[in-house]
Amino acid sequence: MPESSSLARYVVAQDKAGTLMEALPWIQQYAGRIMVFKYGGNAMINDELRAAFAEDMVFLRSVGIRPVVVHGGGPQISAMLDKLGIFSEFRGGLRYTTREAMDVVRMVLTGQVARELVGLINQHGPHAVGMSGEDGGLLRARRITTVVDGEETDLGLVGEVVGVNTTAITSMIEAGKIPVISSIAPEIMDRDAARAAGKPADTLTGEVLNVNADTAAAAVAAAIGAEKLVMLTDVEGLYADWPDPSSLISSLSTEELRGLLPGLSSGMIPKMGACLAAVENGVPTAAIVDGRLAHSPLLEIFTDSGIGTQVTGEARAARPLADFVLMDPLRKHRGGLVNQHAATQDGAQAASGPAGTSAEHPDAGAAPSAVAPAGQAGLLADYRRDLLGVFGDPSLVLVEGSGCRVTDADGTEYLDLLAGIAVNSLGYSHPAWVAAIAEQAARLSHVSNFFTSPQQVRLAAELLEIAESPAGGKVFFTNSGTEANEAALKLIRAHGNAGEPRRHRILALRNAFHGRSAGALAATWKEAYRAPFEPLPAGVEFIEPTLEALEAALGDDVAGVILEPIQGEAGVIPLSEEFLRAARRGTRERGALLVVDEVQTGMGRTGLWLESLRSLRGDEAPDVVTLAKGLGGGFPIGAMLTLTPEATGVLTAGNHGTTFGGNPLAMAAGLATVRTIREEGLMAHAVEVGEHLRAALAGVEGVGEVRGRGLLIAFDLLDGEASGLAPALVAAAREGGFIVNATGPGTVRLAPPLILTRAEADEFVAALPGLLTAARERAAG
C-alpha cells in the first residue's frame, strides 16, 4: 500500500485504470469495425471542442477502430457569403443556391472546414485525408425542391444524397487513413429525365449540389457497412418529457422511433430521421450525442451506459448503391410540405446554436422533446401559482408552432390569426429566422452599449432605408414598442425644454395606445389602464382625431404630437391621410415634433414598410417613427427612428440608454425578418391575401363593417356591442381551432403572420358562421 502522501495519486491512477477496464470490452468488440461520425454543432466552431474531436478520431484509430468523418459547414458558408457580398435569395425560407454561391460552398467546405479538421488530426500523425463528395463520384445526389404557397419551387443547386461510391472511401480506410468527407455531391439526372433520354439512371449532369450533412452521413454509414453512426449535436439526446433531465431516452428501437418521429420537435426530426434511415439500411446502431461535451464520442462508445440517445434495430441488407435513397421526412411550413433535407442543407440558412440543434439545422432552438410536455391543465395551475396575474388566466399553453399554426400542451392545433398580436410576421419556425438567431447565439448574444456589433450597424442602415429617411437620420434600438415610445416621449420633452419659453404640452389622440410604462401610459387613452397609476407624467392632452380639434389644440406651447396611423387597440381605426398631413404641417409650422407610432402597423403589415409612407414621405416625413412587434419576427426588439434634423440632434450622450437594446441576437433576428419580408415578397402577399380576406368577411352574415389594410384587419359584429359577442366569438373560435382577438365588446381583430395563405384565410371564413352561432349561444347562456 503506498504512503499517505501518495494516496491521492494512487486513487487517481486507480480511477484511470477503471476507465480503461470499462473500455476494454468495447475496444475488443469494435476493433476493425468502421464507425461514421457526423461532425457539426459547437464541436465544429469551438476551438477546444474541435481539438478534442480530432483527438477522439486519433484515439479510435489507435485502438483499431476505423473512423470516417462527414461534415457540413453552414455557419462558415454564411459568413463567407456575407464577406464576399454575394446576394442570397430565399424561397420558402430556404436559400436558393446559385452557381456563384455553390462555388463558395465548395471553397468553404473543402478549403476551410475540411482543411482545419484534417490539420488538427494530423498534428498527431499523418492520418486524415480530406475528401470532397465529388472526388471520384464519392457521393451522388439529385435535386430537391420546396413548396411555397402550395406551389413547387426550385432551390437551385440543392440536393440530397441518393448514392455512395464505396470504393473511394474503403480504399482510404484500408490504407489506414481517416476519411474526412465534405458534404457536396455531383448531380445525377432525374430518373424520369434519364429514362426519357435513354440514359442510365446515374448519368451525371455536370453540376455539383449542396447536400445536407446529416443525411449524407447516414448514407455513407449504410453504404460502407459501418458498425455505428454517431451524430454530434448541441443537445444531450432525445427527451420523453422536455425539459426534465431525468426523461432522457438512452435507447429506443426503430419501431419506437418511427412512431415518435412525426411528433418530434422540428429541431430533432432531421437528426433522428437520419439515425432511423441508417439503422433501417443496415447500420446496427446510430446515436446522437452532445457535441458540447469534450470527448463525447468516446463516452458514447467506450462506457457501459453511453451518453445521448441510441437507436437500434434488426440489421438489414443495404440497398444497391446506385439506388440508395434515404427516408424523406417532411415538415409543414407556409401551408405546404417542405422537404426537411432541403430545410437543413448546409448552404441554406445553416446555423450553430446551443439549446438543441447542429450547425446544419436551421430549426435551431426548438425543445428536443419526443412527446408533448405536461398537460395543459397542470401547467395552467402552475402558472396561476407562480406568475403574477396581470394578464388574467391564459387560455392556452402553447408549446410549438410551424407556419401559421401553433400546438398546445394537449396536442391541439390552432390556426393563429393573431401572430402574438402582430409580432410573428414570418409565422413560426421560419428556417431563415431560426437559422439567423441560432448562428448569432453561437457567436455573440449580448454586449453592453459601450460597444456595437456589425448586426446593429447593418440593421440601422436597413431601417433608415425602408423608412426612406433623408440623409442624417438616426436609430435608437430598444426591446419593445413601449420602450421605443418612451424614448420618443422623452425626446419630445427634451425638445420642448430646449428653448425659451419652454413647451410642456404633448398632444395624443382619443383611443390611442402607446404602451404601459409610465411615460407611454400617460399618452394612452384608456382610463382603465391609466387610473390605478395616477398621477402619471403631466403635460399630455387627448384630442379627437379631427382637423378642427387638431387646429384648435396646436399652439406655440406644444412640444410634440404622437399618433398611430391606424389605431390597432381601438379596433383598427385608420386616420385619414388628410389628418396626417395636417398634423405634419401644423407641427412643423409651430416648431413641434411629430411622432408616428408604427409599432403595430410597421414592417410590412399593411402592405408598406411603414403605414405612414402612404401619406408622409420626402419633405413631409415625420420627425420620429417608432417600431417594434413585427420588426423582430418574434424576438423582442424595438426601435426609434429620427428622420429630421430637428429630432436627430435632441438626445445626446448620456440623455438616454438601455442595457439590452441593440444586442447582437436581437439585431440578427431583425435583419433576418427584414430580409425575408423583402426577398419573399411578403408585403405584396399581405395586400393580396388581406384584400381577399376582407372581402370574404364582408360576405358573412352577422358581420358588419370590415376595416384594415394588408393583414391588419378588424370586423364589427352586428349587435355585438350590446351583447358582448366579440369575446364570446374569441372563445368559440379557440374551441374551433382558431386564435383571434377582441378589441372591444363588438369588434374582432385579426393580425396573422404575413405568410398566411388564401386557403388558410378561407378556412377561417368558412368556419365563421358556425363560430358565430356558438358565440351567440355562449353569450346568451
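Select E462 to start this tour of a predicted model: the residue is buried, with a relative accessible area of 11%. Its salt-bridge partner is R675, at 3.6 Å from N to O. Show both side chains and the helices that carry them: E462 belongs to helix 16 (residues 454-466) and R675 to helix 23 (residues 664-679), so distant parts of the chain, 213 residues apart, are linked here. R675 has a relative accessible area of 29% and counts as partly exposed, because that value falls between the 20% and 50% cut-offs.

**The whole chain**

Zoom out before the next stop. The chain has 781 residues, of which 56% count as buried. Colouring by secondary structure brings up 27 helices and 35 strands. About 30300 Å² of the chain is exposed, and carbon and sulfur atoms supply 54% of that area. Of the contacts between residues at least 6 apart in sequence, 74% join residues at least 24 apart.

**Two more salt bridges**

The salt bridges in the model number 37. Select K38 and D214, whose side chains meet at 2.8 Å, N to O. K38 sits in strand 1 (residues 34-39) and D214 in helix 8 (residues 213-223), so this salt bridge ties together parts that are 176 residues apart in sequence. Are K38 and D214 buried or exposed? Both K38 and D214 are buried.

Next select R143 and E187, a salt bridge of 2.6 Å, N to O. R143 is in strand 6 (residues 139-148) and E187 in strand 9 (residues 184-188); the two residues are 44 apart, and the pair links distant parts of the chain. The two ends differ in cover: R143 counts as partly exposed at 36% relative accessibility, whereas E187 counts as buried at 8%.

**Strand 15 and its neighbours**

Select residues 285-290, which make up strand 15. How many of its six residues are buried? Six of the six are buried. In a regular strand, side chains alternate between the two faces of the sheet. Turn the view to see this in strand 15: T285, A287 and V289 point one way, while A286, I288 and D290 point the other way, with all of them buried.

Add strand 11 (residues 228-233), which runs parallel to strand 15 and is joined to it by six bridges. To check the register, pick L232, whose bridge partner in strand 15 is V289. Then add strand 16 (residues 309-312), which pairs with strand 15 in the antiparallel sense over four bridges. Here A287 has Q310 of strand 16 as its bridge partner.

**The nonpolar cores**

In soluble globular proteins, nonpolar side chains tend to be buried together. The largest nonpolar core in this model has 90 residues. Select V36, V68, I121, I169, V220, L229 and M272, the residues with the most contacts inside this core. Helix 5 (residues 99-122) gives the most to the core, with eleven residues.

Centre the view on I121. Which residues does I121 touch, leaving out those up to four places away in sequence? The list is A54, M57, V58, H127, A128, I178 and V180. Apart from this core lies another, of 85 residues. To find this second core, select A553, V625, A639 and L725, which are among its members.

**An open sheet**

Now select strands 19, 20, 21 and 33. These four strands form an open sheet in the order 19-20-21-33, with mixed pairing. Strand 19 and strand 33 (738-739) are the edge strands, each pairing on one side only. Inside the sheet, strand 20 (residues 405-408) and strand 21 (residues 413-416) pair in the antiparallel sense over three bridges. T407 stands opposite E413 of strand 21.

**A patch on the surface**

For the last stop, switch to a surface view and select L388, V390 and F391. These residues form a nonpolar patch on the surface, with about 410 Å² of accessible area together. F391 lies in the loop between helix 13 (376-386) and strand 19 (398-402), which leads back to the open sheet, where strand 19 is an edge strand. With a relative accessible area of 72%, F391 is exposed, because the value is over 50%.

Note on methods
Residues are numbered from 1 along each chain as its sequence is written. This is a predicted model: local features need pLDDT of at least 70, side-chain atom pairs count only at pLDDT 80 or more; totals for chains, interfaces and linings use all residues. Side-chain values use heavy atoms; hydrogens and water are left out. Buried means under 20% relative accessible area, exposed over 50%, partly exposed in between (1.4 Å probe, protein chains only). Two strands pair if DSSP finds at least two bridges between them. Patches are made of residues with over 30% relative accessible area and no salt bridge: like charges are joined within 9 Å, nonpolar side chains (Val, Leu, Ile, Met, Phe, Trp, Tyr) within 5 Å. Accessible areas come from the Shrake-Rupley method with a 1.4 Å probe; for residues, only the protein chains shown count as cover. A salt bridge is a side-chain nitrogen of Lys or Arg within 4 Å of a carboxyl oxygen of Asp or Glu. A nonpolar core is a set of buried Ala, Val, Leu, Ile, Met, Phe, Trp, Tyr and Cys residues joined through side-chain atoms within 4.5 Å. Contact means heavy atoms within 4.5 Å.
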